[in-house]
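Good morning, and thank you for making time for this presentation. I should like to take you through a few places in one structure, and I ask that you keep the display in view as I speak.

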Amino acid sequence: MQATLNALVQKAAAEFATIQARPEFEAAKARYVGPNGELTALMKQMGSVPKEQRPVVGKLINECKVHIQELLDAAVDRIAAGELKAQLGPAVDPTLPSPDAGPGTYHPLTLVREEMCRILRKVGFAVADGPEVETEFYCFDALCTPADHPARDAQDTFYFPETARFGNVEKRVPEEKYLLRTHTSSVQIRTMLKGPPPIRIVSPGRVYRRDTTDATHSANFHQLECLYVDRNVTVRDLKALLDYIFASLLGKDTKTRFRPHYFGYTEPSFEVDLSAQHLPKVKKEWIEIGGCGMVDPAVFSAVGYDPEVWTGYAFGMGLERLAMLLYGIDDIRYFYQNDLRFLKQFA
Amino acid sequence: MKISLNWLKDYVRLDASVDEICRAITFLGFEVEQVIRTGAPELKQVVVGEVLVRDKHPNADKLSVCQVDIGPAGGVKTIVCGAQNYIVGDRVPVALAGAVLPGNFTIKQSKIRGQLSDGMMCSARELGVAEDASGLLILTDRPALGTPINAVLPPGDVVFDIEITPNRPDCLSHLGIARELAAWFKVELVYPQENFHGDTGAQSRPELLQSVRVDAPEDCPLYSAHIVTGIKVGPSPAWMQQRLTAVGLRPINNIVDIGNYVMLEYGQPMHAFDARKLAGSQIIVRRAADGEKIVTLDGKERALNSRMLVIADAAKPVVIAGIMGSENSGVGDDTTDLVLEVAYFKRKSIRWTSRRLALSSDSSYRYERGIDPHTALEAGNRAIDLLVEHAGGKVVGPAYIVGGDVPWQREIVVTHGFICEKLGFDIAEADMEAAFESLELGITRKEPTPTRGTAWTVNIPSWRDDLDRPIDLVEEVLRLHGTDRIPAAVVSAPGLALEDDPVVLFNRRVTDYLVGHDFHECTTYTLRPGRELTSWVSQTAAAELALANPFVDDQSHLRPTLVMGLLDVLKLNQARGVAVSHLCEIGRVFIERNGQNLECAAVAFVIADDAERKWLKRGAADFYTVKHHVFALAAAGGIDLARQPLVPVTGSFCGWQEGHCAAAGEMAHGWTARFGLMNLAMVKALGIEGKVYAGIFAILPEQLAGGLVRRKYADFSLFPTALRDLALVVDQATPSDTVRKKLAGLARAAAGGKFDVECVEPFDVYQGEGLPAGKKSLAYSLVFRASNRTLTDEEVNAAMQKVQDELAKTTDYAIRK
């Protein structure tokens, strides 16, 4: 009996070793342990084994059964592994490029704008927005720009015909004209008219000037302005904000300075210069980056804030100019051409 | 404006270096755009010499050894020279040992190739007088030997080109800038001495000027006319010519030059008439008649209108007031008697006319910004002095003065406390007082206040019309204190709980989405050419979007869609051989609806055939790719497009390919979405290779303001699903969603509320062989699930049977076996 069983195990081991696929395996399995299998047949012979030999024979058969089961398990594992391997195909060449387009890129103006907004959010400025088509009131009158001021001239500002109608930009008086805003200061006016102080907003956005397009001028460009209105806001606070902004943006070795200047809607007014040795564009020691000042009391009056109570400051700058400075770009038109070789440099 | 340093020194003592003066001007609030050095700098030990002998240098081919006579005091010097442009007998500048030339170049006695040289003969460049370095500066006037070179060369000067802010017309003059610098450097300002004070008592000469009449006093509050006789027209004195030249004016003759000189000195424009040319010996300041013509000095004929102010004689306009004179009324070489006009014209009038005629001059520039009416007569007197002195003139009769009675009285009361509060730091009272006084802002009264220090009553001079309120004086104090001395501070940021604007949040969401899906964000111009709009919107809409005053033809209309710009970007990149496929832009568009333009927040993207050859093929983008993205973008704007009816985009002006695109919203509820294939013919005509798919979503900003609705959680079943498929044969034109909705409705009815129809979705679309003509097969997968048990086959089968029975009864859809 033992010899028969050993032979059976050996035969099974040899047979199972060559099996590659599941149907073959199932057939082989049936030949040994199926209802008509060889091992099953041997087990059926147990009845004819003398009683005293039964424990010994039983043990032998059982061992054989375990052995065959192990062989079966090994075979099925091998087949399963083979099946998985078949799913794989040859190994990849990790150095081949992905055929998919991408990755996507943010426009450099978006990157600079969002960075400025993050810096300003940290000190409590919320991002405000307003229409690009404006009326004379929001763009000029409320900012104390006299009716015959050159900035209002059709030479410098884009106007719409008197018949033009903009459904979601309301005129304050019927005779005022629609125009393309020349600065984002109109958003300041809208924000102040919407609610009482204190106010702390940053308004980035697209603005328009009737200008020849060249390396430094563009018919539309982007500005970013800050407005803070509260009690007891001082010139020193304004300087502190500018110092903070540019140190955050350009590093601690950045310096800013104010030069007295004139804007119709701030008093006193300053131009802001910055100095940052590491910037490729800052060859001179000081480079002009924006304008700022204390909100003129007349502006507060125009929006119905009491100028005796409220004080504030405003700061504005061109985003293209800042981006050009940061990245060392020397032609403003690149921002609007969107050559992918340009766009992919800033991601 | 160009300001000469030498000229400034007439009024203010300036010992500071040029750099310090530049810094002063800058921190006083005027931008120095350029510093120009003219004439010769001060040169010691440089004298006039004459070349007596010129021998070839024994050891060098290109050098000569010269004997140069520098006059009795210096004798004859030996000088080695490399220049070639001179001959024996020429007089040239000679720098002797000890001379320091520009660039800090010290001259010493030295040996050059073995030959002793006592100094150097110089070129114009070496002396710093001109750029010419081609050879020695030959002094053709042959000045006396030994003369110091500064006595021969034009004097050196430094000219500052300064940008004057519009609030400071008083600084469009040398006196104005001198006043500011005197305040900065704390030195005295000395006004020019005046001899003439209005009238010499000489007899009047009515035959030269009979009358002056001002018909438009509202535009001309002051007009004065002086008569000066016996004029000899000739060149103005050299010093005056040098100054005018230095600041960029061409000297003409003594009369014109004196007018310009006084204008640049006081900021007061003036005009000189040849008395003989005034018809009827009359001056009338009046509005022009509509259509009246004048030929201005620049030789151009200009048509005037009744809003324009002119100076006329009895017959014709002779000057466009404050702007420019006519060709034949001015001073000529033979003028002997002149009428000098010194007037005050209103800014508005001059500005309007100047803009309207597109004609400006140094005079109109000053009038437009506002001159000081109270300086006008003083400046006139100064001009008379100069005419008498340098043109041999004699004043006759009293001047005609019309108007001029505009009173000036302005005082501002300001406290020390107020100024410090606005500044946020302290400046001593004494320093503030000094600042006021130095700017000629006289303090007329001082009073202590209980809490805010001294209250000053400050008298504002007539040339400082820009100072009107206490806050204006804060700036004056700060300017003189120095804006570079504002102390540092930390930003104080008391919390203001404000959220970013909904449009900003929307823009961020869609930009992040698209960039995250491999799109390159672009920025294109808002203004587009009108002819292009007709591919996108109706004629009426295009007309509504037009600007009144475009600057160039191809930027004349607001963009109704961002896709136009993105197509440009595709084209540009393709043309430059740059592989391009996924582009997007986020920005404003302007959509016409019912005769009104609506400004919308918008997002658009394009996907072009990627022409680049790839080692591994990917499926091309199609309609359903862009549909997917547009749905996601609309969701970012709070719109669930799955719940919105989609309609085909049609119309002859349509940039979209008919039958391959769809739209939703169409601004009926404040938003619109479009997506699909760009019109093939249009894309081809634009010169773009391959197919372009695109998607847009635009929404009114106010629509975004609502914020997102907080959804309520719905419980979901943990029991298994039961799946069934059903294929239906329908008309080809029947939209799949119509069938789906019908099927879903029937399934729900069949379930009868006993279990849920979780989803009904198409999984196969087929048309072609095996189906009748004009039909297609749509196969749907239906997913059923109960909330409280595992569904049995029997109940699901029964429901499916009901669905099929109902389909047979209520539709012409055939079940495909």
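Let me begin with A:Tyr336, which counts as buried because its relative accessibility is 5%. Please bear in mind throughout that this is a predicted model. The partner I wish to discuss with it, B:Tyr525, is also buried, with a relative accessible area of 18%; the cut-off for that word is under 20%.

Before I describe this pair, let me place it among the aromatic contacts. Over all chains, a search of the whole structure finds 25 aromatic pairs. In one of them, the ring centres of A:Phe246 and A:Phe315 are 6.3 Å apart and the planes stand at 90°, so this pair is edge-to-face. It links distant parts of the chain: A:Phe246 belongs to helix α8 of chain A and A:Phe315 to strand β9 of chain A, 69 residues apart. Both A:Phe246 and A:Phe315 are buried.

How are the rings of A:Tyr336 and B:Tyr525 arranged? Their centres lie 4.6 Å apart and their planes are at 10°, so the pair is stacked. A:Tyr336 is in helix α11 of chain A, while B:Tyr525 is in the loop between β27 and β28 of chain B, so the pair joins two chains.

Two further kinds of aromatic arrangement deserve mention. One aromatic cluster in chain A is formed by A:Tyr327, A:Tyr334, A:Phe335, A:Phe342 and A:Phe346. There are also charges over rings. A:Arg172 lies over the face of A:Phe137, at 4.1 Å from the ring centre, and the charged end of A:Lys177 sits over the ring of A:Tyr159, 4.7 Å from its centre.

I turn now to strand β4 of chain A, residues 199–208. Is this strand enclosed or open to the outside? Of its 10 residues, 10 are buried, so the strand is largely enclosed by the rest of the structure. In a regular strand, side chains alternate between the two faces of the sheet. Here both faces are covered: A:Ile199, A:Ile201, A:Ser203, A:Gly205 and A:Val207 are buried on one side, and A:Arg200, A:Val202, A:Pro204, A:Arg206 and A:Tyr208 are buried on the other.

Which strands pair with β4(A)? Strand β1 of chain A runs parallel to β4(A) and is joined to it by two bridges, with A:Val127 having A:Val202 as its bridge partner. Strand β5 of chain A, residues 220–230, runs antiparallel to β4(A) and is joined to it by 10 bridges. In that pairing, the bridge partner of A:Gly205 is A:Gln223.

Chain B offers a sheet of its own. It is an open sheet of six strands in the order β27-β30-β31-β34-β33-β32, with mixed pairing. At the edges stand β27 and β32 of chain B, each with a single partner strand, so one side of each has no neighbour in the sheet. On average, neighbouring strands of this sheet are turned by 25° against each other, direction ignored. Within the sheet, β33 and β34 of chain B pair in the antiparallel sense over seven bridges; B:Ala673 has B:Phe697 in β34(B) as its bridge partner.

Two helices accompany these strands. Helix α13 of chain B lies across β27, β30, β31 and β34 of chain B, running at about 15° to β31(B). Helix α16 of chain B packs on the sheet and touches β27, β30, β31, β33 and β34 of chain B, its direction making about 30° with that of β31(B).

My final stop is a single residue, B:Ser556, in the loop between α15 and β29 of chain B. B:Ser556 is buried, with a relative accessible area of 9%. What does its side chain reach? The side chain of B:Ser556 comes to 3.1 Å from the backbone nitrogen of B:Gly530. Leaving aside neighbours within four places in sequence, the contacts of B:Ser556 include B:Arg528, B:Pro529 and B:Leu545.

To close, I would return you to the stacked pair of A:Tyr336 and B:Tyr525, which joins two chains. Thank you for your attention.

Note on methods. Residues are numbered from 1 along each chain as its sequence is written. Chains are lettered from A and ligands numbered from 1 in the order in which they are written. This is a predicted model: local features need pLDDT of at least 70, side-chain atom pairs count only at pLDDT 80 or more; totals for chains, interfaces and linings use all residues. Side-chain values use heavy atoms; hydrogens and water are left out. Helices (H or I, at least four residues) and strands (E, at least two) are DSSP runs, numbered from the N terminus. Buried means under 20% relative accessible area, exposed over 50%, partly exposed in between (1.4 Å probe, protein chains only). A polar contact is a pair of N or O atoms within 3.5 Å; within protein, one must be able to donate a hydrogen and the other to accept it, and residues adjacent in sequence count only if both atoms are side-chain atoms. Contact means heavy atoms within 4.5 Å. Rings of Phe, Tyr and Trp (its six-membered ring) pair if their centres lie within 6.5 Å; planes under 30 degrees apart count as stacked, over 60 as edge-to-face and the rest as tilted. A charge sits over a ring if NZ of Lys or CZ of Arg is within 6 Å of the ring centre and within 35 degrees of the ring normal. Two strands pair if DSSP finds at least two bridges between them. Axes are lines fitted to C-alpha atoms, for helices over the stretch in contact, and angles run from 0 to 180 degrees between N-to-C directions.
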